[in-house]
Amino acid sequence: MAETARALAELTEISTQIETAVVLDREGTVLAATVDDDRAGRLAGAALELFRAADEKREQELVQLDAALRGGSVFVVRDADRLIAATTTPEPTVGLVFYDLKSCLRGLGETPAKPKAKPKRRAPAKRPATRKKTDAGS
Amino acid sequence: MRARSALTVLGAALGSAAGAIFLRRRTVRRRERVELYFDDGSLLALTQGSPEAEPLLLHARELLAAARD
């Protein structure tokens, strides 16, 4: 969670066009946001509804979207199991915003997972003893 | 004299054509739209006024309003 919040803080620091951003899972649970919990919940809900509405009845899978509105723009980007939604100032540099959002998501995916317990070494299987061939005559 | 007036008419015609193009471009740019990007690299642009765009624009407006409350 702290890693996600740090990644979002970096995102808003890098991109001056991004006003708010929220990271959520596929069920709509907020993982981190640049706004307070109440607003983050509403942002996540609206972002998930927008993404689901845009994705339904499509042959191809939706990976990202942007909506250009009069007062600003809205972006939603998805990776394997997370979404990031952001709002920007009007007429942003679309390619740059997508790049920043994808980098942020990718950075979250690279956060080191807990080290897995090392598998116990198996004892080497005993080989059947090889017998030397003995001459029949001896 | 005749050539000068012909040039004036031509200049005025070109000026109004350029103005019309500029205004049209500005109107198109100001129209709300949604762009959808799919995993195969295809893009679908939906402009305000199309039946498919309206519900998506509604959700997008809600999102923007929630961000600015």
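Start by selecting B:Leu63. Leaving aside neighbours within four places in sequence, B:Leu63 is in contact with A:Leu43, A:Ala46, A:Ala47, A:Leu50, A:Val74, A:Ala85 and A:Thr87 (contact: C-beta atoms, placed from the backbone, within 7 Å).

A quick note before moving on. This is a predicted model, where local features need pLDDT of at least 70 and side-chain atom pairs count only at pLDDT 80 or more, while totals for chains, interfaces and linings use all residues. Residues are numbered from 1 along each chain as its sequence is written, and chains are lettered from A and ligands numbered from 1 in the order in which they are written.

**Stop 1: the core.** Keep B:Leu63 on and add A:Val22, A:Leu43, A:Ala47, A:Ile84 and A:Ala85: these have the most contacts inside the largest nonpolar core, which has 43 residues. Helix 2 (residues 37–55) of chain A gives the most to this core, nine residues. Such a core is a set of buried Ala, Val, Leu, Ile, Met, Phe, Trp, Tyr and Cys residues joined through C-beta atoms within 7 Å. Buried means that 20 or more other C-beta atoms lie within 10 Å of a residue's own.

**Stop 2: helix 2 of chain B.** Now pick residues 53–68 of chain B. At 1.5 Å a residue, these 16 residues should span 22 Å, and the end C-alpha atoms are indeed 22 Å apart (expected span: 1.5 Å times one less than the number of residues). Which residues of this helix are buried? They are B:Leu56, B:Leu57, B:His59, B:Ala60, B:Leu63, B:Leu64, B:Ala66 and B:Ala67.

**Stop 3: where the chains meet.** Show both chains: the contact takes 22 residues from chain B and 27 residues from chain A. Helix 2 of chain B brings eleven residues, the largest share of the side of chain B that touches chain A.

**Stop 4: the sheet.** Switch to a cartoon view. Seven strands form an open, antiparallel sheet in the order 2(A)-1(A)-5(A)-4(A)-3(A)-1(B)-2(B) (strands are DSSP E runs of at least two residues, helices H or I runs of at least four; strands pair with at least two DSSP bridges). Strand 2 (30–33) of chain A and strand 2 (43–47) of chain B stand at the edges with a single partner strand each, so one side of each has no neighbour in the sheet. For a close-up, find A:Val23, whose bridge partner in strand 2 of chain A is A:Ala32.

**Last stop: domains.** Colour chain B by its domain assignment: domain 1 is 1–30 and domain 2 is 32–69 (bounds come from an automatic or database assignment). Their centres, taken over C-alpha atoms, are 34 Å apart.

Note on methods: Buried ≥ 20, exposed ≤ 12 C-beta atoms within 10 Å, placed from the backbone. Contact = placed C-beta atoms within 7 Å.
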